[in-house]
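Reader: I am new to this structure and would like a close look at a single part of it. Could you take the salt bridges and describe, with some care, where the partners sit?

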Amino acid sequence: MSPRIIYNNEFIILEQRFKHFFEMKLIYALFFIDPQKLVNSLSISFEESVDYFEHERPILKLFNQAVIYDSWAKMSLCKKKQYYKGIYESNTDLCELIDESLKIDSDDSLIKILEQCQSILNQKVDIDTATTFMVPIGNLSLKYKNYYVLTGLKLEEPNQFIYLYNDLQLELNNLFLRDYGPFGGWTNIWKLVFPALDTNEIFIGGDAEGNISLDTVDIIKKHLVKKSEADVYINKQNSIFLQDFFEDTKLLELDEQLSIHQTKRVTGTTKVNPIQLDVEDQDVLGKVNSALQKHVDQLKLMLEKNENDGPNEKDYQTLLLKIFPYIFPQYTQYIREYAIKIDGNSKKKADKPDYLALKSDLSIDVIEIKTPYKNVFRSTRYRSNFVFDREVVGLITQTQKYIYNLERNAVREEKIIAARFNEKTEFNGSKINIASPKGIVIVGRRPRSDSKLSPEEQTEINLSLSILKGRFQDIVDFLTYDDIVERVERIVARSTKQIDIS
């Protein structure tokens with residue numbers, strides 16, 4: 001059970017047993033001091049305490065010590081006795097010793113007072129840790145009715161606030177992420193939330209505009225990108241860049257670490273009931289799955305043939321175009337080998353990509369489809385890494401050139417391409433858009449079992465392929481024929497009776 005957060009008139013109180021503050025004797029000492037004696041004797045600069053408590057323990061890392069002391073000092077004597085009567089009664093000798101020994105001058109700083117308390121406590125006086133300890137971490141909001149504000153919570157900006165509705169039953173676990181590491185404690189997720197929002201106020205519960213529920217807080221805790229994951233992502237991107245200059249990088253290790261972080265965020269999603277499909281939808285999905293199964297079976301048969309007696313490039317292109325409406329539904333029409341005029345090149349007058357694909361938003365992408373017989377990786381490693389074969393690199397580079405020339409000549413080409421689509425397809429329109437076109441490259445087979453490779457090397461090859469696919473920002477999809485087969489089979493395997501939601 002985590003510490004309770006309770007409301008008591010003007011204050012939000014964190015209720016905790018002494019055993020969780022076993023190195024916080026200085027904090028106890030302040031509560032043992034007669035409040036009138038301390039507050040009336042000098043003007044305390046509470047902010048001084050922040051640096052002094054750098055060694056503070058997990059729970060109090062969430063909260064600003066200066067604000068806690070400020071709340072404590074502003075409590076009435078009646079409130080003090082109400083909250084800390086048990087502490088005083090259980091530690092009478094210690095309280096009397098502090099009251100008798102503590103000498104306060106009007107020019108003393110809070111640090112000096114704390115040092116005096118430390119000296120007194122070093123006399124090996126025992127503290128009864130059986131008592132519940134009440135820490136003021138916020139107070140009743142004067143701005144919003146029925147809300148308390150966590151004034152003591154440490155955030156990046158002083159004007160950022162979290163408001164709690166006054167009927168919430170709360171524990172520390174409800175608002176913060178439990179850390180089960182060697183030091184325990186909780187992680188303040190709100191330091192990550194506020195920088196991503198265009199607001200300095202978050203309301204939990206109640207009827208304030210834009211308020212969120214505790215269930216929403218739980219979802220945020222599970223799926224928020226933490227600093228540790230962001231650090232791994234930065235290191236991975238730097239490793240990709242640095243592998244051109246250094247032989248040994250941690251790219252594969254970092255990619256695996258990032259995958260683990262992302263998997264942890266995905267797991268534990270709140271269960272949502274599936275959406276049941278009506279009879280007509282079930283019938284349509286059944287027919288789609290049947291057609292796809294026919295196409296993928298044909299593709300598998302074609303892939304069993306070798307290059308000498310197997311289908312040619314055009315045969316593969318014809319079959320894949322039949323599959324595209326199911327795996328690339330954003331494309332509505334295609335034109336083959338459109339000649340993109342190149343200006344300023346005396347050796348080459350035009351580029352001809354395999355296909356220009358028209359999307360439903362009337363923008364254009366480039367698709368290159370080569371045979372499955374091309375090698376995806378070089379036969380030898382480069383600096384101990386698996387890298388794309390030169391022909392595959394050339395294919396990607398050529399696709400990028402198509403994209404470059406399309407964008408460079410967009411004003412001229414848009415009208416010509418629109419006319420070509422009108423002439424060659426069922427497209428009926430006067431305008432298309434060439435705006436940040438992307439490329440899709442389909443080539444080769446995924447590396448299969450090789451007796452010369454260890455299981456670890458096979459895993460490394462597949463991981464290398466995943467990494468290399470993501471290195472080209474303008475290539476939206478790099479697919480082997482095995483990727484096509486797997487993608488279609490996953491579609492066919494889906495339920496035709498319901499939409500599963502996790």
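Author: A good place to begin is the pair Asp231 and Lys227, which form a salt bridge whose closest N and O atoms are 3.0 Å apart. The model is a predicted one, and what follows describes that model. Asp231 and Lys227 both belong to helix H12, and because they are 4 residues apart there, about one helical turn separates them. The two partners can also be described by their accessibility: Asp231 counts as partly exposed, at 32% relative accessibility, whereas Lys227, at 57%, lies above the 50% cut-off and therefore counts as exposed.

From this pair within one helix we can turn to a salt bridge between the side chains of Lys300 and Glu489, with a distance of 2.4 Å from N to O. This pair links distant parts of the chain, since Lys300 is in helix H14 and Glu489 is in helix H19, with their positions 189 residues apart in the numbering. Lys300 is partly exposed, with a relative accessible area of 33%, and Glu489 is partly exposed as well, at 31%.

The two helices that carry these residues also pack against each other: H14 covers residues 279–303 and H19 covers residues 481–492, and their axes are 10 Å apart at an angle of about 155°. Because angles over 145 degrees count as roughly antiparallel, H14 and H19 are described as roughly antiparallel to each other. The crossing in which H14 passes H19 is left-handed.

A further salt bridge joins the side chains of Lys374 and Glu391, at 2.6 Å from N to O. Lys374 lies in the loop between strand S15 (364–369) and helix H16 (390–408), while Glu391 lies in helix H16, so this pair ties together parts that are 17 residues apart in sequence. Lys374, at 31% relative accessibility, counts as partly exposed, and Glu391, at 46%, also counts as partly exposed.

Beyond these pairs, there is a network of salt bridges in which Glu313, Asp354, Glu368 and Lys370 are linked. For the model as a whole, the count comes to 18 salt bridges, among them the one between Asp231 and Lys227, the one between Lys300 and Glu489 and the one between Lys374 and Glu391.

Terms used
Residues numbered from 1 in each chain as written. Predicted model: local features only at pLDDT ≥ 70, side-chain atom pairs only at ≥ 80, totals over all residues. Heavy atoms only, no water. Axes fitted to C-alpha atoms, helices over the stretch in contact; angles between N-to-C directions. Parallel < 35°, antiparallel > 145°, perpendicular 65-115°, else oblique. Left-handed = near helix turned anticlockwise from the far one by under 90°. Salt bridge = Lys/Arg side-chain N within 4 Å of Asp/Glu carboxyl O. Buried < 20%, exposed > 50% of the residue type's maximum accessible area, 1.4 Å probe, protein only.
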